[in-house]
Amino acid sequence: MDYLTWALIAIALCGFMAYSRASLTSFTIAFTLLMVAGTFFNVVSFFSWLVFAVIAIPLNVSDIRKQYITKPLLTMFKGIMPEMSKTEQEAIDAGTTWFEAELFRGTPDWKKLHNYPKPRLNAEEQAFLDGPVEEVCRMTDDWQTTHELADLSPEVWQYLKDNKFFAMIIKKQYGGLEFCAYAQSRVLQKLSSVSSVLSSTVGVPNSLGPGELLQHYGTKEQQDHYLPRLVKGDEIPCFALTSPEAGSDAGAIPDFGIVCRGEFNGEEVLGMRLTWNKRYITLAPVATVLGLAFKLQDPDHLLGEQEDLGITCALIPTDIDGVITGRRHFPLNVPFQNGPTQGDGVFVPLDFIIGGPEMAGQGWRMLVECLSVGRAITLPSNSAGGIKSLALATGAYSRIRRQFKISIGKMEGVEEALARIGGNAYLMDAVTTMSTGAIDLGEKPSVISAISKYHLTEKMRNCVADAMDIHGGKGVCMGPGNYIARGYQGAPVAITVEGANILTRSMIIYGQGAIRCHPYVLAELSAASNKDEQQALNDFDHALFGHVGFAISNICRSVWFSFTGSYALSAPYNDETRRYYQLMTRFSSNLAMLSDIAMLTLGGDLKRRERISARLGDILSFLYLASATLKRYNDEGRQSADLPFLQWALEDSLYNIQQAISELISNFPNKVVAKMLTAIILPLGCNLKKPSDATDHKVAKLMQYHNESRTRLGQGQYLTREPENVLGQLEQTLEDIIACEPIFDKVCRELGERLPFYNLDIVAEKGLSANIISQEEADLLITTEVKRKVTINVDDFDSDYLKAG
């Protein structure tokens, strides 16, 4: 054995041990054996052994390592890491990590993903969807709601109360429905296919609000009083968090309460004098009980030594003197009940604090823990449901509407937009299913909820814009027959609430993901803040050297995957999906490597480098979206007919991951490091492409006729074939148009004329006169012509009707 051979073996051994994430002990033993072999073949000298000993002994002897390596690094770590605020710490501590942690660690376990149980509805939940949900969809007229009443009708409001729509999360012991998160999502998706006002009205009380907070933190007296009344609809709840000076920065709320003595209901009690000014509060104009977040102060030390107790949550009946509600905001012509609430020096007892006086100052923790669940349900479900319905409607319209003597759905420009709608609808439903499934498994997935909220509302906005482009004048002209305009107008509403999307992407997703999902960062931070110096040193030592090995491993894995194209990786299925699993594993290792290098080179400055954080968050997000889509495909029996939807969603997600990596590297502050990252991760450049024209064509084609894949795409939406249901009638028209096409072709062929595909009643008359078609076929042409005109026509009004008031 010569020196070069031994060196190559040493490099290969190091690479293999790092790739397989061997422990420090295993690594040392393996290299010791290699040194022995080198000595035997006379290629390792005494000096080489001396160098090896100088490195290996300090690393493997715990006391030496801690004293001379770990301790100085711990001191340095404390110096460069920015101090974490209390609200940031509580946000980090809230919730749990789930499969997103697998994606962050470089070695996702795909079998583990597919072994998670598929979410299912129980008999009671399915009956609710088939019964009360179907009925309230039938009762709701969105044009009446949005244009004539600026509210749901009194009959719909009463039906929602009578059938416990506001009590889906409340436990049965209080009379609630106690539905699982997946069932709540299915309900909201179906409601959103009829009216976003309806779905928002139902969604908010079942998300972050008094019901959720009471069940988790309320006293028994509060639970026994309020929860049965919320179930019956005797109380309408809202929750007031956002202030004019504190939107996404909710921890900066200026609203305050002062602990003091005062009179309430004729008695002197210990209480709080509250002053607040909130806005954007859904259901505030009609709420009877107000959940209020404020900062509680105790200047006279009536509760203890601490003066600033922190953010606190309380329940305030809105009929108390000084509580101002009733006025409304007007959010983009989607007039769900939303408005301001104010109070100036309103005195209430301390017992109004959710959980009682002992929960004073615990409000922020309560809120972020509940938000980690609710944010994964309401807005993602409303967005997914709306786009699922719109995907079917736009596909049908594209087949029915003709220009230049062909269906517009055959035009390649329309196909491109249709594919984006269909592919995203498939992905969005997959994400809501997987995310709510995690909640039903007991998780509180704060990172997943931020990913779901941001990406699904953004995809909704883009898809509804594509649908508007396809519909053209049909989408622009509003009226009872327009099923797209209100969604188009209201899309930005979902973008702004529950954490503005810009900040969710640039700060929250990766800000929480990097700390919560990384296997060592949270442990390092905890050790650095530990007041027990010896315990801090021990914990930091364990985390630090685990982190070092983890980082080296991901560098080696990234190099290997770039060199081999990741083709050698195993995948759970050896079919059309195999390549997707391989690429996602590669990108997972890239994410882990990029995160460690960003944290190492930027340190605490990474917190302020929002565009770097945003791109790292994009990588994690699209890995999660793609994982959910693969799980859906697997859970639904790996239907080969659905492959175009899967392929579009996966190829779009993988392309976006590649773009995020490329943009991150090209904008990385340290240009030397950037060149190294390019050589390791993208040595051949960006070779992944957007979904191909052929894939677009397959997706668009599936959306334009009735088939099992299209049925699965729109599963659970309100498509009942009733005269009042515009989408149901559109589905019927599509069916009739498809049935008429061969009849029309037969008439044209026999007459020797190429007739235009309109005035089908005249075509029927010609076909009957020439004995080409039967009376039954003629009747179908005649009735379909009526429906076709309804589909392509738009509403018009008397001028006076359109005047406000």
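How many aromatic pairs does the structure hold? This predicted model holds 16 aromatic pairs. The points below describe two of these ring pairs, a ring cluster, two charges placed over rings, one pocket and one helix.

**The pair Phe 99 and Trp 110**

- The ring centres of Phe 99 and Trp 110 are 5.9 Å apart, and the ring planes stand at 50°, so this pair is tilted.
- Phe 99 belongs to helix α6 (residues 99–104) and Trp 110 to helix α7 (residues 110–115), so the pair ties together parts that are eleven residues apart in sequence.
- Both Phe 99 and Trp 110 are buried.

**The pair Phe 128 and Phe 179, and its cluster**

- Between the rings of Phe 128 and Phe 179 the centres are 5.2 Å apart and the planes are at 75°; the pair is therefore edge-to-face, since planes over 60 degrees apart count as such.
- Distant parts of the chain are linked by this pair: Phe 128 lies in helix α8 (residues 123–139), while Phe 179 lies in the loop between α10 (154–162) and α11 (181–192), 51 residues apart.
- Phe 128 has a relative accessible area of 7% and is buried.
- Phe 179 also counts as buried, at 6% relative accessibility.
- Phe 128 and Phe 179 belong to a cluster that ring pairs form together with Tyr 159 and Phe 165.

**Charges over rings**

- Over the ring of Tyr 567 sits the charged end of Arg 579, 3.7 Å from the ring centre.
- The ring of Tyr 426 has the charged end of Arg 632 over it, 4.1 Å from the ring centre.

**The second largest pocket**

- The second largest pocket contains about 830 Å³ of space.
- It is lined by 28 residues, of which Ser 23, Leu 24, Phe 27, Gly 549 and Ile 552 are the closest to its centre.
- Helices α1 (3–19), α2 (24–40), α3 (46–60) and α23 (533–564) are the elements that give two or more residues to the lining of this pocket.
- The lining of the second largest pocket consists of 18 nonpolar, eight polar and two charged residues.

**Helix α12**

- Helix α12 (residues 196–203) is mostly covered, with seven of its eight residues buried.
- The buried residues of α12 are Val 197, Leu 198, Ser 199, Ser 200, Thr 201, Val 202 and Gly 203.
- These buried residues pack against α8, α9 (142–149), α10, α11 and α16 (378–400).
- Helix α8, one of these partners of α12, is also the helix that holds Phe 128.

Key:
Residues are numbered from 1 along each chain as its sequence is written. This is a predicted model: local features need pLDDT of at least 70, side-chain atom pairs count only at pLDDT 80 or more; totals for chains, interfaces and linings use all residues. Side-chain values use heavy atoms; hydrogens and water are left out. Rings of Phe, Tyr and Trp (its six-membered ring) pair if their centres lie within 6.5 Å; planes under 30 degrees apart count as stacked, over 60 as edge-to-face and the rest as tilted. Helices (H or I, at least four residues) and strands (E, at least two) are DSSP runs, numbered from the N terminus. Buried means under 20% relative accessible area, exposed over 50%, partly exposed in between (1.4 Å probe, protein chains only). A charge sits over a ring if NZ of Lys or CZ of Arg is within 6 Å of the ring centre and within 35 degrees of the ring normal. On a 1 Å grid over the protein atoms alone, a cavity is a set of points where a 1.4 Å probe fits but cannot get out, and a pocket is an open set with protein on both sides within 12 Å along at least five of seven lines; lining residues have an atom within 4 Å of a point. Grid points are joined across faces, edges and corners, and a volume is the space filled by probe spheres set on the points. Ala, Val, Leu, Ile, Met, Phe, Trp, Tyr, Cys and Pro count as nonpolar, Asp, Glu, Lys and Arg as charged, and the others, Gly among them, as polar. Contact means heavy atoms within 4.5 Å.
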